[in-house]
Amino acid sequence: MKRIIILCILVFAAIPAFAQSDYYSKKAQEYTREAEYYQKKAQDYRREADYYLNKAAGYDREAAYYLQRGDTSRAQTQQRYARDATDKANLQLRFAQEAEDKAVMYLRWAADALKKN
C-alpha cells in the first residue's frame with residue numbers, strides 16, 4: 001500500500017513538469033506559425049512593390065514619349081504618376097521590412113520557448 005501511495009505521489013509530482021514542457025513546445029509552434037505568416041506577408045509586400053516599380057517604369061516611358069512629341073503637359077502628368085508609383089513601392093518595401101522584423105522577433109521568441117523546454 002505504501003508503494004502505491006509513493007508511486008502516485010511521484011506520478012502527480014511529475015505531471016506539472018510534463019505539462020510545462022508541453023506548454024513551451026506549443027508556444028514555440030505558435031510563434032513559428034506567426035513567423036511564417038509574417039514572412040509570407042513580407043513576400044506579398046515585395047511582390048506589390050515590384051508591381052508599382054513596373055508601373056513607374058511604364059509611366060516613365062510614357063513621359064519620354066510625350067516629351068519626344070512635345071506634349072509637356074502630358075509628360076509632366078506621366079512623371080507625376082511615376083513619382084506616385086515609386087512612393088507606393090517604397091511604402092510597400094517599408095511594410096515588407098516591418099513584416100520581416102516581426103518574423104525575426106517571433107522566431108527569436110520560438111527559440112527562447114524551446115530553450116525553456
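This dialogue works through the reading of a predicted model, from confidence to helices, burial, core and salt bridges.

Reader: What is the mean pLDDT of the protein chain, and what share of its residues reach 70 or more?

Author: Confidence is read before any other feature, since pLDDT is the predictor's own rating of each residue. In this predicted model the chain has a mean pLDDT of 88, and 82% of its residues reach 70 or more.

Reader: Over which residues does pLDDT stay under 50?

Author: That stretch is residues 4-12, and the model gives it zero contacts beyond four places in sequence.

Reader: How does the distance between the end C-alpha atoms of helix 2 agree with its number of residues?

Author: The idea is to compare an expected span with the modelled one. Helix 2 covers residues 72-116, which is 45 residues, so at 1.5 Å a residue the expected span is 66 Å. The end C-alpha atoms of helix 2 are 66 Å apart, in agreement with that expectation.

Reader: Which residues of helix 2 are buried?

Author: Burial is read from relative accessible area, with under 20% counted as buried. In helix 2 the buried alanines are Ala75, Ala82, Ala85, Ala89, Ala96, Ala99, Ala103, Ala110 and Ala113. Gln78, Gln92 and Tyr106 are also buried residues of this helix.

Reader: Why do Gln78 and Gln92 count as buried?

Author: Both residues belong to helix 2, Gln78 as well as Gln92. Gln78 has a relative accessibility of 13% and therefore counts as buried. Gln92, at 10%, is likewise counted as buried.

Reader: Which residues does each of these glutamines touch, not counting residues up to four places away in sequence?

Author: Leaving out residues up to four places away in sequence, Gln78 touches Tyr59, Glu62, Ala63 and Tyr66. With the same exclusion, the contacts of Gln92 are Tyr45, Glu48, Ala49 and Tyr52. A C-alpha distance adds to the picture for Gln92: this residue and Asp50 are 42 residues apart in sequence and 9.1 Å apart in space.

Reader: Is Trp109 buried or partly exposed?

Author: Trp109, which is placed in helix 2, has a relative accessibility of 35% and so counts as partly exposed. From Trp109 to Thr32 the C-alpha separation is 8.7 Å, while the two are 77 residues apart in sequence.

Reader: Which residues form the largest nonpolar core?

Author: A core is read as a set of buried nonpolar residues joined through their side-chain atoms. The largest one here has eleven residues: Ala28, Tyr31, Ala35, Tyr38, Ala42, Ala96, Ala99, Ala103, Tyr106, Ala110 and Ala113. The elements that give two or more residues to this core are helix 1 (2-69) and helix 2. Helix 2 gives the most, with six residues.

Reader: What does Ala96 touch, not counting residues up to four places away in sequence?

Author: With those residues left out, Ala96 touches Ala42, Tyr45 and Arg46. Among these, Ala42 is a member of the largest nonpolar core, as is Ala96.

Reader: How many salt bridges does the structure hold?

Author: The structure holds seven salt bridges. Each can be read by its distance, by the placement of its partners and by their exposure. One of them joins the side chains of Asp22 and Lys26, at 3.5 Å from N to O. Asp22 and Lys26 both lie in helix 1, four residues apart, which is about one turn of the helix. Asp22 is partly exposed at 36% relative accessible area, and Lys26 is partly exposed at 47%.

Reader: How far apart in helix 1 are Arg47 and Asp44?

Author: They are three residues apart in helix 1, so about one helical turn separates them. Their side chains meet in a salt bridge of 2.9 Å, N to O. Arg47 is exposed at 53% relative accessibility, whereas Asp44 is partly exposed at 26%. Lys40, Asp44 and Arg47 are linked in a network of salt bridges.

Reader: Which residue meets Arg46 in a salt bridge?

Author: The partner of Arg46 is Glu100, with a distance of 2.9 Å, N to O. This pair links distant parts of the chain, with Arg46 in helix 1 and Glu100 in helix 2, 54 residues apart. Arg46 counts as partly exposed at 32% relative accessibility, and Glu100 is partly exposed at 30%.

Note on methods
Residues are numbered from 1 along each chain as its sequence is written. This is a predicted model: local features need pLDDT of at least 70, side-chain atom pairs count only at pLDDT 80 or more; totals for chains, interfaces and linings use all residues. Side-chain values use heavy atoms; hydrogens and water are left out. The expected span of a helix is 1.5 Å times one less than its number of residues. Buried means under 20% relative accessible area, exposed over 50%, partly exposed in between (1.4 Å probe, protein chains only). A nonpolar core is a set of buried Ala, Val, Leu, Ile, Met, Phe, Trp, Tyr and Cys residues joined through side-chain atoms within 4.5 Å. Contact means heavy atoms within 4.5 Å. pLDDT is the predictor's confidence in each residue, from 0 to 100. A salt bridge is a side-chain nitrogen of Lys or Arg within 4 Å of a carboxyl oxygen of Asp or Glu.
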